[in-house]
Amino acid sequence: MNSSESKCHNNHGCHSACSPRAESAQVRKWRLLVISSIGAAALVLAVGLRKSLTDRSVLANESPSPELVEEMIEDSPDSATAILASWRSQKIVHRQVAVRLAARLWPRTKIFDTDLESMMLSAAMDPDLSVRESALSALQAKRHPALPALAGAQLRDCDPQIRLLGLNHLKTADAAIGAPLVMPLLDDPDPFVVAMGLKLLEKWSGEKFGVKLVETAAVENEKTGLKEFREGSREKAKAGAVRAKAWWLEHKGDYPPVAVSIPETASATVLPASDFELRSLNGDKVRLSDFQGKVVLINFWTTWCTACVSEMPELIALQKQNSQSLVVLGVSLDYVPDAHGHIGGHAAVEEQGHSNGHHDDHEATAAALKRVREKVARTVKARGINYPVLLDEKNEAGGRYNGGELPTTVIVDARGNVRRRFIGARSLAVFEAMIAEAAALAKAHDSFDVAR
C-alpha cells in the first residue's frame with residue numbers, strides 16, 4: 001500500500017469507528033458499564049441477603065426489643081408478609097408488635113389481606129391480654145362486623161379486666177345485640193363490672209338505674225397498696241341491678257334476639273411457652289420445663305414495685321392451696337436496669353461510687369449486684385414467700401415474656417402452653433379460676449389426644 005492510499009484510508013468517514021484507539025475506548029466504556037451493572041446487582045443481592053439474614057436473626061431471637069422487631073417489619077419491602085412472619089413466630093414480643101403494626105396499617109388500606117384479617121380475629125381471643133386489647137381496638141376502628149360477637153365472648157371470661165374490655169367494645173353495638181349480652185353481667189361478683197353493664201343499658205334504653213361508676217370503682221388501700229372496693233359499693237351495684245332486671249322483664253320483648261357468631265378464624269392460638277433457666281436465691285438452676293405436668297404461674301416483679309409486693313399474699317395463698325398441682329415462680333427483675341440505668345430501684349452502678357479504673361468498675365458492679373440480691377432475699381423473708389424466687393440477672397425470662405411492665409403474670413398449663421399473660425394484680429378468687437381453667441384445658445387436650 002502506497003502512502004497516498006494510507007492517507008486516504010485514514011481520512012475515511014469511518015475514521016472514528018475504525019481507529020484502534022477509538023475501538024479501545026469504546027470497549028473500555030462497555031466493559032466499565034458491564035462491571036458497574038454487575039457490581040450494582042451484586043450490591044443489591046448482598047443487601048437483600050444481609051436483610052434476609054437480619055430478619056431471620058430477629059425472628060429467631062427469643063427476647064428482642066420491641067423496637068428491633070418493629071424496625072425489621074417497617075424496613076421490609078412487604079410489610080404484610082413481615083407482620084405475618086412475626087405473628088407466626090409464636091414469640092410474645094414479636095406477636096405484640098405484629099398486631100400493633102397491623103392495627104396501624106389496617107385503617108390506611110381499603111383491602112386488608114385476608115391472612116392479616118384472620119390474624120386480627122384470632123388475636124381478639126389471644127392468651128396475651130395486650131394482644132387482645134390491640135386487636136379489639138383495631139376491629140372497632142375498622143367497624144368490623146365480627147366485633148359485637150368477639151366483644152360478647154370477652155364477657156364470659158373469668159378475669160374481670162377482660163369482661164370490662166368486652167363491655168368497652170360493646171359501646172358501639174346496637175341495643176338489640178348488646179342488651180341481651182350484658183344482662184347476665186348484672187349478677188357479676190365485681191361491682192364495677194355490674195356498674196359498667198348498667199351504664200350501657202342506660203345508653204340503650206334511656207332509663208336511669210341510679211348507679212355511678214365512681215361509687216363502684218376500686219381504690220388503692222394506702223396501707224397494703226392493693227385496690228379494694230369501697231364499703232357499700234357492692235350494695236349500690238346490686239340495687240341498680242335489681243332496677244335494671246325489673247325494667248328488662250317489662251321490655252325484653254322490645255329486644256328480639258339477634259344471632260351473632262364468632263368467626264371460625266377467631267379461635268385462640270396455642271402458644272408454646274418459651275423455656276428458660278435461671279438461678280434461685282439458693283444458687284440452684286431452675287428451668288421452666290422442670291415443672292411440665294403442673295400448671296405454672298410465672299410472676300415478674302421487683303422489690304420497688306408496690307403493686308408487685310402487694311399481691312404477694314394472694315400468690316402465697318394460691319401456692320399453699322394448690323401445692324400438688326401448681327408451681328408459682330417469682331421472677332425478680334431487680335437486676336434489669338430501668339430507663340435511667342438504675343437497678344434494684346437504686347442509682348445506676350456508675351453513680352454508686354467513684355471509680356478509678358476497670359478493676360474498680362468491676363468491684364462497684366459486683367457490690368451493687370450483691371446489694372440487689374440481698375434486698376430481694378430480705379423481701380422474700382419478710383413476706384414469708386413460700387414459692388421459688390428466681391433472679392433474672394440478664395433479663396432472659398423477662399425479655400421473652402416482655403415483663404417490663406409490672407407486675408406481669410404468665411400462666412402455663414401442664415402441657416407447656418401459655419394460657420394467659422396479663423399485667424396488674426388480681427384477686428385470689430380470680431387467680432384460682434385461671435388456674436382451674438388452665439388445668440381443665442390441658443386435661444381436655446390430653447383426652448382429645450387419647451381419643452384420636
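**Figure 1. Contacts of S86 in the predicted model.** Leaving aside residues up to four places away in sequence, S86 touches L59, V69, M72, I73, H94, R95 and A98 (contact: heavy atoms within 4.5 Å). S86 lies in helix α5 (helices are DSSP runs of H or I with at least four residues, strands are runs of E with at least two, and both are numbered from the N terminus). S86 counts as buried because its relative accessibility is 0% (buried: under 20% relative accessible area; exposed: over 50%; partly exposed: in between; 1.4 Å probe, protein chains only). Residues are numbered from 1 along each chain as its sequence is written, and side-chain values use heavy atoms, with hydrogens and water left out. As this is a predicted model, local features need pLDDT of at least 70 and side-chain atom pairs count only at pLDDT 80 or more, while totals for chains, interfaces and linings use all residues.

**Figure 2. Packing of helix α5 against helix α7.** Helix α5 covers residues 79-88 and helix α7 residues 114-123. The two helices pack at an angle of about 35°, and their axes are 10 Å apart (axes: lines fitted to C-alpha atoms, for helices over the stretch in contact; angles run from 0 to 180 degrees between N-to-C directions). The crossing of α5 past α7 is left-handed (near helix turned anticlockwise from the far one by less than a right angle). From α5, the residues in contact are A80, I83, L84, W87 and R88. On the α7 side they meet D115, L116, M119, S122 and A123. By class, this contact of α5 with α7 holds seven nonpolar residues, one polar and two charged.

**Figure 3. Surroundings of V93 in helix α6.** V93 has its place in helix α6, which covers residues 92-105. With a relative accessible area of 3%, V93 is buried. Residues up to four places away in sequence not counted, V93 touches P64, S65, P66 and V69, and also G399, R400 and N402. N61 is 32 residues from V93 along the chain, and their C-alpha atoms are separated by 9.9 Å.

**Figure 4. Buried residues of helix α11.** Helix α11 runs over residues 175-182. Its buried residues are A175, I177, G178, A179 and V182. These residues pack against four helices: α9 (147-154), α10 (160-168), α12 (191-205) and α14 (233-251).

**Figure 5. The open sheet of eight strands.** The order of the strands is β3-β10-β9-β6-β7-β8-β4-β5, and the pairing is mixed (two strands pair if DSSP finds at least two bridges between them). β3 (271-272) and β5 (285-287) stand at the edges; each has a single partner strand, so one side of each is left without a neighbour in the sheet.

**Figure 6. Strand β6 and its partners β7 and β9.** β6 (residues 295-301) runs parallel to β7 (residues 326-332), and seven bridges join the two strands. Across from β7, L297 of β6 stands opposite V328, and F300 stands opposite V331. With β9 (residues 408-412), β6 pairs in the antiparallel sense over five bridges. Here V296 stands opposite V412. β6 is mostly covered, seven of its seven residues being buried. V295, L297, N299 and W301 point one way from the strand, and V296, I298 and F300 the other way.

**Figure 7. The disulfide of C305 and C308.** A search of the whole structure finds one disulfide (a pair of cysteine sulfur atoms within 2.5 Å). C305 is joined to C308 with an S to S distance of 2.4 Å. The torsion about the S-S bond is about 80°, so the disulfide is right-handed. Both cysteines are buried: C305 has a relative accessible area of 9%, and C308 has 0%. Another cysteine, C158, is partly exposed, with a relative accessible area of 22%.

**Figure 8. The protein as a whole, as context for the close-ups.** The protein has 19 helices and ten strands. Of its 452 residues, 42% count as buried. Among contacts between residues at least 6 apart in sequence, 67% join residues at least 24 apart.

Definitions and conventions. Nonpolar A, V, L, I, M, F, W, Y, C, P; charged D, E, K, R; others polar.
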